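User: Please take a close look at one part of this chain, namely how its strands pair. Set that part against the whole chain before going into detail.

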Amino acid sequence: MHDIKALRETPETYIKGWESRGRTSATADVEQLLSLDKALRAAKTAFETNQAQLKKLSGEIGKAKAQKDEARASELMAEVEALKGGIAAAQEDERTADVNLRDLLASLPNLPFEEVPQGEDEAGNVEVRTHGAPTKLAFAPKDHADLGETLKAAFGSMMDFEAAAKISGARFVVLKGQLARLERAIGQWMLDVQTSEHGYLEVNPPVLVRDHALYGTGQLPKFEEDLFKTTVEHYLIPTAEVSLTNLVREAITSEEELPLRLTALTNCFRAEAGSAGRDTKGMIRQHQFQKVELVSITTPEQSAAEHDRMVDNAETILKKLELPFRTMLLCTGDMGFGARKTFDLEVWLPSQDTYREISSVSNCGDFQARRMDARIRKTGEKGTRFAHTLNGSGLAVGRTLVAIMENYQDENGRIAIPSVLQPYMGGLTHIG
């Protein structure tokens, strides 16, 4: 959500920001917002003026009755009746203008920070750094789907897309045996790193949420087609960002408690409505997947440093797994709806001979906090202000499994297990 007062004072900032994100109607949007804001304030003024007049007339009616001037009292009561119609009309005008203003504000993306590079799409993203040389194998690498189907469990292959399709349809997978254990190990290890080494508080949140929670973090109303909705007005979360960030909704958090760092390992659910034909093979783009989410609630002064810290927390996972990756600063045209600045981590996949996204870490400023009414206050002070919220993957578990399988494969199809994960695998060093 945006600050209408700030938009009123510096409309050119919003026009520039939305145009940089590819919104060609930015000027018209601002004009409409200012028009609705003007109508809303005029309706409020009319309501307050009529209310004050009603109070005045009510007093005069009392005086007229006390003086037994029934003619004057009747005349005043007729004025009151007419005034009530004006009050009702002003209330309806105010309600309509408020709904229209909020709906338009809710549909408009966050403004990028000044340092975010300009660009229309992923071609405008900027490489910040790389870590490790891309894996070069002495044989033609297999992709993870082929590797997984070749690996045999006691009951079929360890990565079974056919069985999943019979149960649930496309974009699902059944993992079995040692691969299922490896995925579990990855998630547990990631949680342990983020909690014990990076100071995040582990949370086990609901994966079913109400629409207001998704509105708060910006998934609704714009991205409803990407969500799975139940028949009882709940949605399955697309990311634990929704549950974790909403823990501070409609609350005032003491600034002395900040930054508040939260993490969760949950199943996530995405309809992938806009990805028809993309990554149809394998585990890269699934309807159901696991992810370790990182969320931080900070003051405005802390948020930039906290953003860099969260990127480092996510990078640490890839470094410990000894997986080659690069860090990208996303351009204005490639950022998510609620972000002001985003870094993507992209891991190397030998079968595709390229880097693929495995984590996205965003600073949302006060955009989500305004939608959730999440405020902060210093101890001893009366005034409050909106928090800054940040979120990121630390990491997507399925894609991490994919990266391990492809980078740690040998020519016989065996998968070496990274040393940091071996204690979580009962000392097992290889799969297959």
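Analyst: The chain has 52 positive and 64 negative charges, and the mean positions of these two groups are 3 Å apart. Here Lys and Arg count as positive and Asp and Glu as negative, with His and the chain ends not counted; each charge is placed at NZ of Lys, CZ of Arg, CG of Asp or CD of Glu. This is a predicted model, in which local features need pLDDT of at least 70 and side-chain atom pairs count only at pLDDT 80 or more, while totals for chains, interfaces and linings use all residues. Residues are numbered from 1 along each chain as its sequence is written, and side-chain values use heavy atoms, leaving out hydrogens and water.

The chain holds 12 helices and 18 strands (DSSP runs numbered from the N terminus: H or I of at least four residues for helices, E of at least two for strands). Its radius of gyration is 28 Å, well over the 22 Å that the globule rule gives for 432 residues, so the chain is more spread out than a compact globule (the radius is taken over C-alpha atoms, and the rule is 2.2 Å times the number of residues to the power 0.38). The C-alpha trace spans about 105 × 45 × 45 Å along its principal axes. Of the 432 residues, 48% count as buried (under 20% relative accessible area, with a 1.4 Å probe and protein chains only).

Now the strands. Strand β13, residues 354-363, is mostly covered, with seven of its 10 residues buried. β13 runs antiparallel to strand β12 (residues 341-349), to which nine bridges join it; two strands pair if DSSP finds at least two bridges between them. Within this pairing, F343 has V361 in β13 as its bridge partner. The two strands form a hairpin with four residues between them, and D353 in the turn has a positive phi of about 55°. β13 also pairs with strand β16 (residues 388-396), again in the antiparallel sense, over three bridges. There, N363 has L390 in β16 as its bridge partner.

Another group is an open sheet of three strands in the order β8-β14-β15, with mixed pairing. β8 (251-254) and β15 (385-386) are the edge strands, each pairing on one side only. β14, which covers residues 374-377, pairs with β15 in the antiparallel sense over two bridges. In this pairing, R375 stands opposite F386 of β15.

Conventions. Buried < 20%, exposed > 50% of the residue type's maximum accessible area, 1.4 Å probe, protein only.
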